[in-house]
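Q: Please take a close look at one helix in this model and describe how it sits among its surroundings. I would like the residues, their burial and their contacts set out in a connected account.

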Amino acid sequence: MANVTNREPRSQERWNAVDRYIADHLLTPEETALDAALRASDAAGLPPIAVTPNQGKLLELLARVQGAHTILELGTLGGYSTIWLARALPAGGRLVTLEAEPRYAEVARANIADAGYGDVVELRVGRALETLSQLVAEGAGPFDLIFIDADKANNPGYFEWSLELSRPGTLVVTDNVVRDGLILDPDADDPSGGNATIRGVRAFYEMLAAEPRVSATAIQTVGAKGYDGFALAIVQEEPEPS
Ligand SMILES: C[S@@+](CC[C@H](N)C(=O)[O-])C[C@H]1O[C@@H](n2cnc3c(N)ncnc32)[C@H](O)[C@@H]1O
C-alpha cells in the first residue's frame with residue numbers, strides 16, 4: 001500500500017497503488033481472472049510488457065463503443081490485450097493478431113484458447129510489415145478497430161498499412177506514444193529500442209498531423225507501467241479540397 005500521506009504524486013509507488021485501487025473497484029472477478037494469461041506468460045519467460053488490467057479494460061470498452069465486429073492487433077505478446085479486445089466482439093466477430101516471435105505466439109495461442117477465444121482469434125506469425133501486406137493482398141479489411149502495439153520504430157509503416165485496412169469510422173489505437181516524455185527529444189535513447197523507438201513515435205505523430213483522412217489525439221497516462229500514453233485516431237472521409 002502506498003503511503004497516502006506522501007503528497008508526492010509523481011511516484012511509481014503511488015501510480016501502482018492507484019492502479020490497484022481502480023482495478024479492485026472496477027474489475028469484476030471474471031475480468032480479474034484474465035490475469036491467468038499474464039501469469040502463464042510470466043511463467044513462460046515472456047517480458048512483462050503487456051497492457052495493465054485497467055488498460056486492457058479500456059481497450060475492451062473502446063471496442064464496445066466502436067461496435068467492432070472486426071479487430072486487428074499488431075503485437076500479440078502472450079495474448080493478454082488480445083483477450084480483452086476479443087471480449088468486445090459480438091457473435092460472428094473476428095480478431096486478427098500479428099506477432100513476430102514464434103515462441104510468444106505459442107504462449108499466446110494457449111492463453112487465447114484457455115480464455116475461450118481460440119475460434120475467434122487468428123494469430124499470424126511474422127514481421128508485421130510483411131503480415132500486414134499479406135492481409136491487404138488478401139483483401140482482409142476493413143477492420144473496425146486497429147490496435148498498434150508492436151515495435152515502435154515501425155509505427156509509421158504500421159499506420160500506413162492500417163489506413164489500407166480501414167474504412168471511414170475505423171478507430172486506430174496506438175500504445176506507448178509518450179515514452180516517459182522522451183518523445184520531446186528526437187535524440188533520446190529509449191530503454192526499449194533506443195533512438196529508433198523515439199524517432200518512430202515522433203514520425204508517427206508527424207503522419208497523424210499530415211494525414212487528412214484521420215482526426216487524432218493522444219492522452220498521457222500514468223500507472224503500473226509508468227508514464228506513457230495512447231493515441232486515438234478515427235479514420236474519416238478525405239475532406240473535399242476547398
Ligand atoms: C508491447 S508487446 C505487445 C503487448 C500486447 N499487445 C499486450 O498488451 O498484451 C510488443 C510485441 O510486439 C512484438 N513485435 C516486435 N516487433 C514486431 C514486428 N516487427 N512484427 C510483429 N510483432 C512484433 C514483440 O515480439 C512483442 O510481443
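A: In this predicted model, the helix to look at is H5, where 8 of the 8 residues are buried, so the helix is largely enclosed by the rest of the structure. The buried residues of H5 are Tyr80, Ser81, Thr82, Ile83, Trp84, Leu85, Ala86 and Arg87. Polar, charged and aromatic names thus stand beside aliphatic ones in that list, which runs from Tyr80 to Arg87.

Two of these residues carry aromatic rings that pair with each other. Tyr80 and Trp84 are 4 residues apart in H5, which covers residues 80–87, and so about one helical turn separates them. Their rings meet edge-to-face, with 6.4 Å from centre to centre and 90° between the planes. Tyr80 has a relative accessibility of 3%, and because buried means under 20%, Tyr80 counts as buried. For Trp84 the relative accessible area is 0%, so Trp84 is buried as well.

The pair in H5 is one of 3 aromatic pairs in the structure. Another is formed by Phe204 and Tyr205, whose ring centres lie 6.5 Å apart with the planes at 65°, so this pair is also edge-to-face. Phe204 is buried at 2% relative accessibility, whereas Tyr205 is partly exposed at 27%. Ring pairs join Phe204 and Tyr205 with Phe159 in a cluster.

Back in H5, the next residue to consider is Arg87, which lies in this helix. Its relative accessible area is 18%; because the cut-off for buried is under 20%, Arg87 still falls in the buried class. Leaving aside neighbours within four places in sequence, Arg87 is in contact with Glu30, Glu31, Leu34, Glu60 and Tyr117. Three glutamates are therefore among the contacts of this arginine, given that contact means heavy atoms within 4.5 Å. Tyr117 is 30 residues away from Arg87 along the chain, and the C-alpha atoms of the two are separated by 8.3 Å.

Glu60 gives the view from the other side. This residue is found in helix H4, which covers residues 53–66, and Glu60 is buried, with a relative accessible area of 4%. Setting aside neighbours within four places in sequence, Glu60 touches Trp84, Arg87 and Ala88. Glu60 of H4 is thus in contact both with Trp84, a member of the aromatic pair, and with Arg87, since contact means heavy atoms within 4.5 Å.

The rest of the chain gives the setting for H5. The secondary structure comes to 9 helices and 7 strands. The radius of gyration is 18 Å, close to the 18 Å that the globule rule gives for 242 residues, so the chain is as compact as a globular protein of that length. Along its principal axes the C-alpha trace spans about 55 × 40 × 30 Å. Of the 242 residues, 49% are buried. Among contacts with a separation of 6 or more, 69% are between residues 24 or more positions apart. The contact between Arg87 and Tyr117, at 30 residues apart, is one of that kind.

The charges and surface can be added briefly. The chain has 20 positive and 35 negative side chains, and the centres of the two sets lie 4 Å apart. The exposed area is about 12000 Å², with 54% of it supplied by carbon and sulfur atoms.

Technical notes:
Residues numbered from 1 in each chain as written. Predicted model: local features only at pLDDT ≥ 70, side-chain atom pairs only at ≥ 80, totals over all residues. Heavy atoms only, no water. Helix = DSSP H or I, 4+ residues; strand = E, 2+ residues; numbered from the N terminus. Rg over C-alpha atoms; globule rule 2.2 N^0.38 Å. Buried < 20%, exposed > 50% of the residue type's maximum accessible area, 1.4 Å probe, protein only. Areas by Shrake-Rupley, 256 points an atom, 1.4 Å probe, with all protein chains shown as cover. Lys, Arg positive; Asp, Glu negative; His and termini not counted. Charge placed at Lys NZ, Arg CZ, Asp CG, Glu CD. Phe/Tyr/Trp six-rings, centres within 6.5 Å; stacked < 30°, edge-to-face > 60°.
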